Amino acid sequence: MVRVLKLELKGITKRFGSLLANDHIDVVVEPGQIHCLLGENGAGKSTLMNVLYGLYEPTDGEILIDDEPVSFRGPGDAMAAGIGMVHQHFMLVPVFTVAENVALGAESTKAGGFLNLEDTRRKIQEISDRYGFDVDPDALVEDLPVGVQQRVEIIKALVRDARVLILDEPTAVLTPQETDELLDIMRQLKGGGTSIVFISHKLREVKAVSDIITVIRRGQVVGSADSGASTTELASMMVGRAVNLTLDKAPAQPQETTFEVKDLTVVAPNGHHTVDGISFSIARGEILAVAGVQGNGQTELTEAILGLQERVSGSILLDGKELVGRSVKDVLDAGVGFVPEDRKVDGLVGTFSVAENLVLDLYDKAPFARGISMSPAKVLENANSRIGEFDVRTPSAAAAAGTLSGGNQQKVVMARELSRPLRLFIASQPTRGVDVGSIEFLHRRIVAERDTGTPVMIVSTELDEVMELADRIAVLYKGKLVGIVPAGTGRDVLGLMMAGLSPDEAHADKLHHRDPALGNDPVPGNSPALGNSPTPTSASRAEGGDHD
Amino acid sequence: MSTTATSPQPGKPQAGTPPRAEERQQATSEKPVTWKVPVLLSALGIVAFIFFGLMGPNQTARFGLSSSGDFFQLPALEVPGFLGGIVLSVIMLGLAGYAVYLKTKDQAAPRWLPIAFIVLFVAAFLIWVVGGARTPSISLAGLIAGSVTLAVPLVFGSLSGVLCERVGVVNIAIEGQLLGGAFTAAMVASMTRNPFIGLLAAAVAGAVVSMVLALFSIKYLVNQIIVGVVLNVLVSGVTGFLFSTVMQADKATFNSPGRLPIIDIPVLSGIPVLGPILFKQSLVGYLMYIAVIVVWIGLFKTKWGLRVRAVGEHPQAADTMGIRVNATRFWNVTLGGAIAGIGGSFFTLVAIDSFTKEISGGRGFIALAALIFGRWNPIGAFFAALLFGFADNLQSIVTIIGTPVPSQFMAMLPYLVTVLAVAGLVGRSRPPAASGIPYVKG
C-alpha cells in the first residue's frame, strides 16, 4: 500500500565559505533498503542530509526521485516528496503534547482553521498500534523519556507519508536497550516498504542493520560495503588509514585509595536531586569509568567535585582533605585536573590563542607570572613544548583555539590539565566529537596518567569508550549509583544497568533473555566474568572504597 | 494491523523503557515545596492585622453598588471599618496558617489560596482607606467601571506583547505603538473629521512602528530590546515635534479629533456594576473584549496559533515542519503593532479629544508588566491589566475622597503587586522559550 521510492543524490556539493562540506557526493537509496552513511563527526553526513531535506541549498549537484530531478526550497517540499527526517537533536516543541507536535505543519482542521486534534490523535494511535510504539498522544513531550520522544519524531514522519526516512545519529541519546528497540523498529519500517537512510559513526549498529553502507570522509564518498564487512575494514575506510580499535593497556596496579566520595547529593535549582547519595572511591593507578545515558547526573557529579555546583551535601575527600564547600581554585590547587564535557563552553576560550589557553589555570603562578605581570616568553615556551608533546595540529601557538578542529581543541584542553602534577584526574566525555585518530592518542594519554599513579575518573556516554578505558565501571541512573562492576562486564549487562537495573538484576535478566539483535558477540574474555556469579564485589564496592 | 514481529518480548518490559517513563513522570511531579508562599502570606497577614485591623478606622466605609441611572438599584454596602479590618485580616491569617500547615506536611498551597488571599487583602485595604477618609464613601460601581476604562490601552498593549512574544520577538516598543496610535488617531480624525477613520489610521500607525521593530530584529538581527527602546524614543520625539510644530499651530485642523460615541446597549447596560463595563463602552472598549477573546481562541485553538506558538518555542522545529519562521514572526509582530495602535487611539478618541505630548505616559511599560503577570496568556494579561487599571483608578478616587494615605503610596501599588507576583506568589511563569532569540537558518 505504501508506494516505494528510489532516491538518488548526484554530485552533491555544499560549500560554506571556504569550507567544502560535501564534495560531489553520489548516493543511491534503493526502495525498501536500509542505507547507512558511515563517517566520523564532521565528515559531512549531516550536511548532506540537510541538503536532501531542503534545509540547505546545494552549491552544486542534483537530487533525483524515481529518476526525476527535483529541487527542494524547504523542508516542506522534501516532506511533500515523501522524505522524512529524524534529527539528531529532536525537533519537538517541549511544551506541546505529542498530538500537537505531530500536527504541527500538517494540521487537520475543522472549518475556520480550528484545530482538529482528534484526527491527529487517531492517526498517532494507528501508527503507534501498528509498530507497538506505545505513545500517548496527550502526553507532554517534555515529560517523555528520550526514547519515546524519538518515536514521536518517527511518527511525525510517518503521518506525513514519508517513504524515505532519514535518521541522523539516532542512537546517540539512547541506552543500548533503547538502541536495540530502535533497530527493531527500523527493520519493521523496512518491512513495511519505507526506505531508511541511517547516519551513524557507530560501527556495531551499522553492521547490525544496514543493507548497504556508504562511507564518507572529509565530504567525499570513499567507498561502500555491505554489512558483512569487518569493523576494522570499515573503521580504516572511515579514518583513511589502518586504526587499532583496541587499546593496549596493561592491567591496573591499584595502590592506596586517595579519593573518596561519600553520600554525595546535589540539588538542582528546581529541587531535583541530580546526584543522589552517591558513594565511591578511586585508588591511585586506577581508572573508574562512569557510564550512563546522557543527563543522569554525570555532569553534576563532576561539577560537584570541582566545586561548580551550589547545593552539595556529603563528602568528597582527596588525600584526606575535604573538597565540598571549597572554591574551584582551591580544588584545582589540591591537584585536580579536569577536562569538562563541553570544551567549547567550559574548556577553552575560543578567541584566546592556543598558548593562552594552555595556561588558563596557571597564569598566576610562576614561571608564568611575576608579581602582577605575566611573562609571555614563558607562556610561549610552555605552549611550544605542549604542542609538540600532544601533537596539536595548529598553525602556530598564537592561533585562536576556536579555529582548531575538535580533536586538536581537545588535545589543548588535555595538555593543559595534564601539565601539572595531579592528585586526581577527571575527564568528562574525553573524546566527544573527536576524530578516531585523536581518540587513540587521547586514550593512551589517559592510561599513561593512570600509570603514573593518579586516580582517574572518566565520564562517558559512549559505552565503547567506557569498556575500553575502565578498570572499574560505575553506572549512574537518575542521579543514583546503580552499581560498580569490574571491567570486562558485558555490554548487555551494562546496558540494563544504564536503564536502572541493579547489577544482580541485570545479570539475571541477561541470562533469561538473549537479544537476537545484537550484543551476542561476547567480547572475548567477558564470558567467564559474567557466567560466574552476580559479581560479588559490586555491591560492596558501591558502598565505598574497599581497596587496600 | 499486522501483529508486530518484534513486539517487546516478555521479560523485557521490566527492564526496558516503561519503568523509566513512570519514574520520569514522578520526578517531574515532585516539585519542591518551598517556604516562599507561606512566609509571604504570613507576613502580609500580620501587616493586614496590625494596620487594617488593630489600627483600623472607626468610621463605617460605604460602598455604592449602583449608580442612579441603573436599571434596578442595589443597596449600598456598609462595612464598619474596625470590625471589617479585624475579620478580614483574621481570615487572611487563617489562610496563611493553612499554607504553613500544608508546608509542614510537605504539600504546596492550592492555587486558589494566594488568589483568595489577595482578594481579601485588597478588600481590607479598601475598607481601611475608605474608612479613614474624610468622606468615607465611594461608588464601587464607579471604581470598577473606571478601572476598566483605564485598563483599555493596557489590555491592547499587552495583547500586542502576547502576540509578539508568543512568536519569539520581545516587544519593548509597546509604548511607542500606543503613542504612535494616539497621535495618528488624533491627526487623521481631525483632518478627515471622522473618528472612525482615525481609529483605522491608529492601527496602521501601530503596525508601521511594529514593522520597523520586526525588520530590524528579524532581518538585521539587531538586539530586540535595543530596537524597542530606540523606537520608543523615536516615536516620542517625532510625535512631540509634530505636536509642537503642526498641531499647536492649527488646533482646529489638526488636533480636534472629536470622540468616538459611547454605544449604550439598552437594558443590559442597566445591570448594576457589570452593565457599564460590558455594555456601555465606546467602539474601542468593545473591540478590547473582542480582541482578548479572538487572540485567545486564535492562539490556542487554531492552526495559526499552533504554528505561532511553535515558532516562539522552538523555531527550528517549526522550520523543519515547513513553517516559514521569519515570515510568521514578521506578520505577527505587525499584527501586534496594529492592536497596540488601536489601544493608543483610546487616549485621543475616547478618553479626551486631543493629543498632548507623551499622552501614553509610560502605559506601554505597564502593559509589558501585565503581559508577564498574565503569563503570556491573553486572558491572564487582560486580568492583570484590569488590576493595574484598578490600582490606577483607586489612586485618583482615594485622593478625591481625602484619605490620609499619600497618593504617591497609592501610585506605587501596581508595581508592588507586580513585584510580588513575579516573585512567584502566583506560581512560576515561563516565557516562550525562543522569545528574544533571532532565528538564523542552519
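**Strand pairing, and how to read these views.** Two strands pair if DSSP finds at least two bridges between them. Helices (H or I, at least four residues) and strands (E, at least two) are DSSP runs, numbered from the N terminus. Everything shown here is a predicted model, in which local features need pLDDT of at least 70 and side-chain atom pairs count only at pLDDT 80 or more, while totals for chains, interfaces and linings use all residues. Residues are numbered from 1 along each chain as its sequence is written, and chains are lettered from A and ligands numbered from 1 in the order in which they are written.

**Confidence along chain B.** Let's start with the scores. The model as a whole has an ipTM of 0.81 and a pTM of 0.77. Chain B has an average pLDDT (the predictor's confidence in each residue, from 0 to 100) of 84, and 88% of its residues reach at least 70. One stretch to treat with care is residues 1–30 of chain B, where pLDDT stays under 50. For that stretch the model has 41 contacts (C-beta atoms, placed from the backbone, within 7 Å) beyond four places in sequence. Where pLDDT is low, the predicted coordinates should not be read in detail.

**An open three-stranded sheet in chain B.** Follow the strands of this mixed sheet in the order β2-β1-β3. At its edges stand β2 (77–80) and β3 (137–139) of chain B; each has a single partner strand, so one side of each lacks a neighbour in the sheet. Direction ignored, neighbouring strands here are turned by 20 degrees against each other on average. On one side of β1(B), four bridges make an antiparallel pairing with β2(B), and this is where B:A61 faces B:V79 of β2(B). Strand β1 (residues 60–64) of chain B is also joined to β3(B), running parallel, by three bridges. Look there for B:G64, which stands opposite B:S139 in β3(B).

**Two helices lying across the chain B sheet.** Both helices in this close-up lie across β1, β2 and β3 of chain B. Helix α4 (residues 112–131) of chain B runs at about 110 degrees to β1(B). Helix α5 (residues 140–166) of chain B runs at about 50 degrees to β3(B). Angles run from 0 to 180 degrees between N-to-C directions, with axes fitted to C-alpha atoms, for helices over the stretch in contact.

**An open four-stranded sheet in chain A.** Here the strand order is β2-β1-β4-β5, and the pairing is antiparallel. The edges belong to β2 (19–29) and β5 (68–70) of chain A, each of which pairs on one side only. From one strand to the next, the twist averages 30 degrees. Zoom in on strand β1 (residues 7–16) and strand β4 (residues 60–65) of chain A to find an antiparallel pairing of five bridges. Along this pairing, A:L9 sits opposite A:I63 of β4(A), and A:L7 sits opposite A:I65 of β4(A).

**The β4–β5 hairpin of chain A.** β4(A) and β5(A) form a hairpin with two residues between them. Do pause at A:D66 in the turn, where phi is positive, at about 50 degrees. Three bridges hold the antiparallel partners β4(A) and β5(A). Across from A:I63 is A:V70 in β5(A).

**Helices α7 and α8 of chain B, side by side.** The axes of helix α7 (residues 195–219) and helix α8 (residues 224–247) of chain B come within 10 Å, crossing at roughly 150 degrees. That makes α7(B) roughly antiparallel to α8(B); angles under 35 degrees count as roughly parallel, over 145 as roughly antiparallel, 65 to 115 as roughly perpendicular and the rest as oblique. From α7(B), the residues in contact are B:V209, B:V212, B:L213, B:F216 and B:S217; from α8(B), they are B:Q224, B:V227, B:G228, B:L231 and B:V235.

**Helices α12 and α14 of chain B.** In this last view, helix α12 (residues 303–313) packs against helix α14 (residues 325–351) of chain B at about 110 degrees, and their axes are 10 Å apart. α12(B) and α14(B) are therefore roughly perpendicular to each other. Where they meet, α12(B) brings B:R307, B:V308 and B:V311, while α14(B) brings B:V325, B:T328, B:R329 and B:N332.
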